[in-house]
Amino acid sequence: MKFMRAEITTEDFLQEFGRLCSEISKTSVPLDSFFSLLTSERVAKPFPVMTEAITQIRAKGLQTAVLSNNFYLPNGKSFLPLDRKQFDVVVESCLEGVCKPDARMYKLCLERLGRQPSESIFLDDLGPNLKAAASLGIHTIKVHDPETAVKELETLLGFPLRMAVPNTRPVRKTMEIPKDSLEKHLKGLLGTQATGPLELLQFDHGQSNPTYYIRLAKHQLVLRKKPPGTLLPSAHAVEREFRIMKALANAGVPVPKVLDLCEDSRVIGTPFYLMEYCPGLIYKDPSLPGLEPSQRRAIYTAMNRVLCKIHSVDLKAAGLEDYGKHGDYVARQVQTWIKQYRASETSTIPPMERLIKWLPLHLPRQQQTTVVHGDFRLDNVLFHPETAEVLAVLDWELSTLGDPLADVAHSCLAHYLPSSFPVQPGLSDSDLSELGIPTAEEYFRMYCLHMGIRPTENWNFYMAFSFFRIATILQGVYKRSLTGHASSATGEQTGKLTEFTSNLAWDFAVKEGFRVFKEMPATKPLTRSHHTRARPQSLPRTPGMRSYVTSTDSSPAHVSKGALVFSPEGLSPPVRELYQRLKQFMERHVYPAEPELQHHQTSAEKWTPSPLVEDLKEKAKAEGLWNLFLPVETDPEKKYGAGLTNVEYAHLCEVMGTSLYAPEIFNCSAPDTGNMELLVRYGTEEQKARWLIPLLEGKARSCFAMTEPQVASSDATNIESSIQEEDGVYVINGHKWWISGILDPRCQLCVFMGKTDPHAPRHQQQSMLLVPMDTPGIKIIRPLTVYGLEDAPGLSGGHGEVLFEQVCVPKENMVLGPGRGFEIAQGRLGPGRIHHCMRLIGYSERALALMKARVKSRMAFGKPLVEQGTVQADIAQSRVEIEQAQLLVLKAAHVMDVAGNKPAALGIAMIKMVAPSMACRVTDRAVQVSTDDGSLIRLNHLQQMQNSLSFSCPTSCKLIAALCRTLTTGDFPFPPQKNPMRGSIPTFILNMWKQKQRKVK
Ligand SMILES: Cc1cc2nc3c(=O)[nH]c(=O)nc-3n(C[C@H](O)[C@H](O)[C@H](O)COP(=O)(O)OP(=O)(O)OC[C@H]3O[C@@H](n4cnc5c(N)ncnc54)[C@H](O)[C@@H]3O)c2cc1C
């Protein structure tokens, strides 16, 4: 009693109880298994007859209560092995601190029910409990055995408590059918001996097609009819149900025996068919309460087997070859259900919209054709009451010919629904192994094993589709409930579950993935590629309109040009191998060389080539890691380079970008790469022999001279330098600046851009000329600095301001021809324009890696910096931004691969905006966590990084340069109060400067 009043714990109780038992029996009593037996199903299982009686009592509008002498379980919950929902009031001794036969217990219950003792009947098996109830004036029934007790209760209440036919109830008002006309029809069908009153009940389920129990004389029948009202197309086809059941019965599939199909709507208002009533058990709750784990397993196994039997029916022998279309079942189903959904749509449900797009794109590629049930689930299977034998499979409304896996997936829906799901209770919150129920995966494997097939890979697609279908059915029920024709009282409520199930469907779609991404690895040819679609002449070009579309009708030409590979793992085996070798080379040779190369760069020898670089170049060449930049498009025969696509090179270039010294070591540095490509594309054989070969061999370097101080050179039509033909030679006069590489002593070639004809159309005035650097008249005025840094060789060979005065160049040095400078520029600045961006991804990765290493090792305020939320946010932000930029780089590269440089211009422009600013932000964050440190190597690395950034984004890198220098030298270049750019200086720089000032003071 103490235990039941929760005055002692389970442990204390067992100890005390054991002691007493041993004392009384004078022998040791082991109590180990007592508690588990007490709480096991064997002892605590509710009696079905009682459960049924409770349902009937409540159906009459009476109240029910349970008075339980129970206790707390070790998990802190009270032990009540009953469905609480069956009772209006639950009184538990351990919660109340009183237990039967204490009168307070009964009074409490009556109070909560709001009833008098004389209005109540109390059932119990223990005399003292009954006595206490009787003394309060409550009617009592002693329960010797449940059946007799229920009979006694029936007498007291005056109405039956046992349903003659399980799962039935009186016919609902809206579902009534004309009895007289039906009786007449039945007598005609069954013969004259079928006389007597016609008993009509309605089955609980049959949400879609109302289903009735009929007793007429000795006949017990089931009638299934179409619902009344306007119906969705092709739904509720009872005629087909009749046909398939008849055929399957002959093929040995357990189905109820069908008797008659009546298509004459005059009889009961709609077509219907009749079958024999088949007594058996329907398990509505998939957790199969009241059964042992082994029985549950047997039930699921039997269900699985019968499904295999349905799917193994010989269509021809069963006469079902024309029962549905052959092949493409899922595709058709997807369309049918989309249509059904649209027909019953009441508002926009976002996951449904996503599924409507996703499903048709992810259809299974191979499908079998068998009979499919279409709604195969546990509560559509009738079992033998005592064994796990399947007596009949019911509800064939959605049956057809189709992909059997759709049935298998459908029969696993309950596995993913919660037990509280109103339409169909599920198992998602149950411990399946404890219950003995196979998981969805086990169930699926079991099926494959029986059928002798291999498990499919796109199981999640089938699940997504199944849930989409359920969502659509629920939506249909919902819509019908709005018009008052739903065959279930819960119609309105179920309809609202559309969104819930559609979300489940979308979860499976996400698990299945997106084919467009899954199929990206280069090992498979690209099936969807970006390409231009011819614009109809009549359509004007809309500014900012996207020029590239994803299309499935890519031409084979595009397919052969390359794939959009998102990660190095997706590269083709030879390129992946190249990528791996490049990475190894970086790790073995390049990173370890950085300190020495940095030292060289700041030493007095900075304008002479580093011997270490020359040595590493030879090594790289020997290992085949050389001239990787030349796109296969430019060099299809791989005469000069590695023959990579732009996308492939992007991955390799990214690796090179992680070290500022790497590009030169692999002969992949600007501006040589652009010049070499120019020569490969447009150079004559002589020009190639003279300039290209030494450049390809890494023996010479080159520069590109376009920008001029006196004109805005971002608009190259402004370029004023003149190229004039005189006495069989071209004479050049002009002033150029920012000419990268010109200060390198190895620079032998200058690709010069200037005007040959100032009177020609705007884009035909400029030409490109190959100028040997040893030609007289070339005067380098000064090396330019980017905020004090000269970019000595190793990075970009310095940037020079140069005068060209009466420089004479042979006529054969003209590239492609006079006036064709723009044409060439467009070609030259294709891939070359985004190599910087590709490298910037690598730079940023390196900065982020440095940042991460730094924040892990640096302690501030008692913990590593990495534990600071803002630092974590910075790291996360950097990761996100790098990934975004990388995707855009790859996209631009891919468009170049499949469509060419011109169509890729927009993408190139975009990434030129995105990559440098991203690199600045990522680098800045890395600088932020390194500011209070004397680790100059790291800082130098960051400092140097800005030099390379300057190629693409001079303005933003100026800020980083300033910051870096402040940190290393303490000398801020432009005190804010005097600086005209003040408004644009980020706050962090101003703060840094102020801090510095304070320190100095
Ligand atoms: C480190 C470094 C290396 C370089 N290497 C070389 C080299 O090797 N060879 C070479 O020839 N040049 C080189 N340059 C020069 C570079 O190509 C030019 O700076 C660039 O083309 C811009 O020309 P500009 O300096 O005359 O600027 P301007 O043309 O005067 O432009 C000034 C600003 O106005 C903006 N602008 C221009 N037009 C528009 C518009 N329509 N709308 C909005 N904004 C606009 C520009 O983006 C820029 O921000 C290098 C520059 C740097 C910093």
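This tour moves through a predicted model, from its confidence values to the ligand and then to a small set of strands.

**Confidence**

Colour the protein chain by pLDDT to begin. The average over the chain is 84, and 84% of the residues score at least 70. Select residues 766-772, which form strand E22; confidence is highest here, at a mean of 97. Then select residues 548-551, strand E17, where confidence is lowest, at a mean of 31.

Widen the selection to residues 520-560. Throughout this stretch pLDDT stays under 50, and the model has 68 contacts for it beyond four places in sequence. A further stretch to display is residues 933-939, where the pLDDT is below 50 and the model shows 9 contacts beyond near neighbours in sequence. Where pLDDT is low, the predicted coordinates should not be read in detail.

**The ligand**

Next, centre the view on the ligand and show the residues around it. There are 13 of them, and Phe704, Thr707, Ser714, Trp738 and Ser740 come nearest. By class, this shell holds 7 nonpolar and 6 polar residues, with no charged residues. Select residues 729-740 to see strand E20, which supplies the largest share of the shell, 3 residues.

Three polar approaches can be inspected in turn. At Thr707, an N or O atom of the side chain is 2.6 Å from a nitrogen atom of the ligand. At Ser714, a polar side-chain atom lies 2.6 Å from an oxygen atom of the ligand. At Trp738, select the backbone instead: one of its N or O atoms lies 2.8 Å from a nitrogen atom of the ligand. Of the 970 Å² that the ligand exposes when taken alone, the protein buries 51%.

**A three-stranded sheet**

Finally, select residues 281-282, 381-383 and 390-393, which are strands E11, E13 and E14. Together they make an open sheet of 3 strands in the order E11-E13-E14, with antiparallel pairing. Strands E11 and E14 stand at the edges with a single partner strand each, so one side of each has no neighbour in the sheet.

Which residue of E13 is the bridge partner of Leu281? The partner is Phe383, and the pairing of E11 with E13 runs over 2 bridges. Keep Phe383 selected and look towards E14, where its bridge partner is Val390. E13 and E14 pair in the antiparallel sense over 3 bridges. To finish, trace the chain from E13 to E14: a hairpin joins these strands through 6 residues.

Key. Residues are numbered from 1 along each chain as its sequence is written. This is a predicted model: local features need pLDDT of at least 70, side-chain atom pairs count only at pLDDT 80 or more; totals for chains, interfaces and linings use all residues. Side-chain values use heavy atoms; hydrogens and water are left out. A residue is near a molecule or strand if one of its heavy atoms lies within 4 Å of it. A polar contact is a pair of N or O atoms within 3.5 Å; within protein, one must be able to donate a hydrogen and the other to accept it, and residues adjacent in sequence count only if both atoms are side-chain atoms. Accessible areas come from the Shrake-Rupley method with a 1.4 Å probe; for residues, only the protein chains shown count as cover. Helices (H or I, at least four residues) and strands (E, at least two) are DSSP runs, numbered from the N terminus. Ala, Val, Leu, Ile, Met, Phe, Trp, Tyr, Cys and Pro count as nonpolar, Asp, Glu, Lys and Arg as charged, and the others, Gly among them, as polar. pLDDT is the predictor's confidence in each residue, from 0 to 100. Contact means heavy atoms within 4.5 Å. Two strands pair if DSSP finds at least two bridges between them.
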